[in-house]
Each structure stands twice: as structure tokens, then as C-alpha cells.
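Got your viewer open? Load the model and follow along, one selection at a time.

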Amino acid sequence: MTSSSASPDAPAARRAREQGTPILSTRGVTMRFGGLTAVSGVDLDVYPGEIMGLIGPNGAGKTTFFNCLTGMYRPTSGEVRLDGVLLPPKPRQVVKAGMARTFQNIRLFNNMTALENVMVGRICRTSAGPITSILHGPKFRREERESRAHARELLAYVGLAGSEEHLARNLPYGHQRRLEIARALATGPKLLLLDEPTAGMNPQETRAAEQLILRIRDSGLAVLVIEHDMRFIFTLCDRVLCLVRGEPLVEGTPALVQGDPRVIEAYIGTPEPHAQGPGDER
Ligand SMILES: Nc1ncnc2c1ncn2[C@@H]1O[C@H](COP(=O)(O)OP(=O)(O)OP(=O)(O)O)[C@@H](O)[C@H]1O
Ligand SMILES: [Mg+2]
């Protein structure tokens, strides 16, 4: 652990920004479902070694934006580049290009062990084709050994050493979330997308998740994280983007976003001009 507390602006990220080399670059990303525009014209640059927070009220389009980035949705318009390369809206190719994610509602292979779940993430980096796999040839066996060792290391990295043989469905909730992160890391990403990584966690689990995310950031990866926990967002993130009704409202340092009255308004709304207070009841 190289960083035990939040850094207002990670030095590595600041350097990367000064050099102008975003790892993720989106331009005009828009997603319409019939008459509903869920995401509208989102331009976003994320740099290696930074944690970028994505906030916004329920239904603001945050998960839809993730789905557009990862190829789960084909955006109605706009483009997504990873390391300068235009990404096709195909989840497998996006993962192979170096973008991995976790889900708002945990998606694990429940009847597989923790170790097997992480090994699945590694498949996109192994070269054994179907024939080699069926025949269990030497190349397959070597890659399987390496993949197993790598998965063990990743489980230890996320704090799940000792849980290798546990079925995913039997792990405590906080561990399942960490297992999802380990599986995402197994794909060898340059950019990690986390959709509400601390949702449903108790305060202790939340602290542990924060430490893990800081460690991932400090290892040089870029992290784009959706969270509703404002303490998490404003103490961990290097920069924050607030979406409202699919549109970017404000982007900047946590201090800037936190102090923007439009952000507060977006979350709690403005009082109706003629609303009655409790004392006004007649
Ligand atoms: N596949 C879909 N078809 C139609 N509408 C959709 C689809 N996916 C999302 N939406 C709509 O798009 C809008 C944005 O939803 P989204 O899940 O992206 O919000 P969110 O910001 O992630 O919200 P939350 O904080 O509650 O997770 C919502 O109005 C939602 O109902
Ligand atoms: Mg969501």
C-alpha cells in the first residue's frame, strides 16, 4: 500500500494530464432508448494513474454510459477511444483492448470457486485455441498453470487469500465485490470501470474497498468509478464528473464539484416556489 489516504490529485495522473495522453477518451457519447435520451453528448478524458468519479442522481445515465464504453450497448452516436484506438461496440474486443468492469448488481459465476472466477477473467489473455483446449495439450496445461498462479496472486492482492476454493455464492457480500474486481484485473486492463463498488457494504468493508481502489490507482491503472457515497467520491477521486439526465453538468476536482450548487440541486432538488412548510398548514 503506497497511499493510505486520499490524494487530491495523484502525481502520476497530473503528469499524464500535463502530457495530454488520456487512456480513455469519449466524444459525444449519446444513447437513446426510443424517445428517452439516457446519455447525451458525453466528452470525457481519463488519464493513467487517476481515479475519476462519475456521480449523478438515480437514472442519470451512469450505468448506461458504462454500457456504451464496454460495448454492451452500441451508442446512438459518439466515439470511444482507448489509448487512442477507436473501440468497436463489442464487449470481448473491448476487454481485449484493455478495459474491464464490475457490475452494479454483482455478476459472478456463483457455482464456481473464487479461483475459477478469476481464471475466467484471464481467458482473454491466453492463446490456447479450442483444439488445444479440448486435447489438453502441453500449451494448454502450461497456460492453465500460469493462469491458476496468477489468479491466486490476484486473490491475495484483493485480500481474498484463503478463499480460493470457496464457491462464489458462499462468500460474504463484501468479498464477492472484491472477487469481481479480481476477475476484472485478471483481464489485464489499462482502465478499470467500477459500478458502485461499495453499494451495500458495511463501513468496514467500505474502508477496505477504498484501500484496494487506491492501491489499484497507485499501480498505474486508470479507474472510473460510479458511486453514490459522496464521502467516498470526494475523498478518493482525483476528478469527478456529474451527470444529470444524461448530460454532463460539471466536471473538475472534488472540491469544485462538491461546492457547485447545481450538483446539490440535482441531488435534492429545489423547493417548489409555493411549497408549504410544516408550519404553514391550515
Ligand atoms: N435497456 C434500456 N432500455 C430502456 N431504457 C433504459 C435501458 N437502460 C437504461 N434505461 C433508462 O436510462 C436511464 C438511465 O439509467 P441508468 O441505469 O444508466 O442510470 P444510473 O445513473 O446508472 O442510475 P442508478 O444510480 O439508479 O444506478 C433510466 O431512465 C433508465 O430507465
Ligand atoms: Mg446505475
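Start with the sheet, bearing in mind that this model is predicted. Pick out β2, β1, β4 and β5: in that order, these four strands make an open sheet with antiparallel pairing. Its edges are β2, residues 36-46, and β5, residues 85-86, and each of those two pairs on one side only.

Now zoom in on the β5 edge. Select residues 77-82, which are β4; two bridges tie this strand to β5, and the two run antiparallel. Want a specific pair to click on? Take arginine 81, whose bridge partner in β5 is leucine 86.

Next, add residues 62-69. That's helix α2, and it lies across β1 (24-33), β2 and β4. Relative to β2, the helix runs at about 65 degrees.

Time to leave the sheet. Jump to arginine 169, in the loop that links α6 (138-157) with α7 (173-186). Is arginine 169 buried or exposed? It's exposed, because just 11 other C-beta atoms fall within 10 Å, and the cut-off for exposed is 12 or fewer.

What does arginine 169 touch, leaving aside residues up to four places away in sequence? Show Asn110 and Asn111: those are its contacts. Draw a distance between the C-alpha atoms of arginine 169 and asparagine 111 and you should get 6.6 Å, although the two sit 58 residues apart along the chain.

Finally, zoom out to the whole protein. There are 11 helices and 10 strands to color, and 40% of the 282 residues count as buried. If you plot a contact map, residues 24 or more positions apart supply 69% of the contacts with a separation of 6 or more.

Definitions and conventions
Residues numbered from 1 in each chain as written. Chains lettered and ligands numbered in written order. Predicted model: local features only at pLDDT ≥ 70, side-chain atom pairs only at ≥ 80, totals over all residues. Pairing = 2+ DSSP bridges. Contact = placed C-beta atoms within 7 Å. Axes fitted to C-alpha atoms, helices over the stretch in contact; angles between N-to-C directions. Buried ≥ 20, exposed ≤ 12 C-beta atoms within 10 Å, placed from the backbone.
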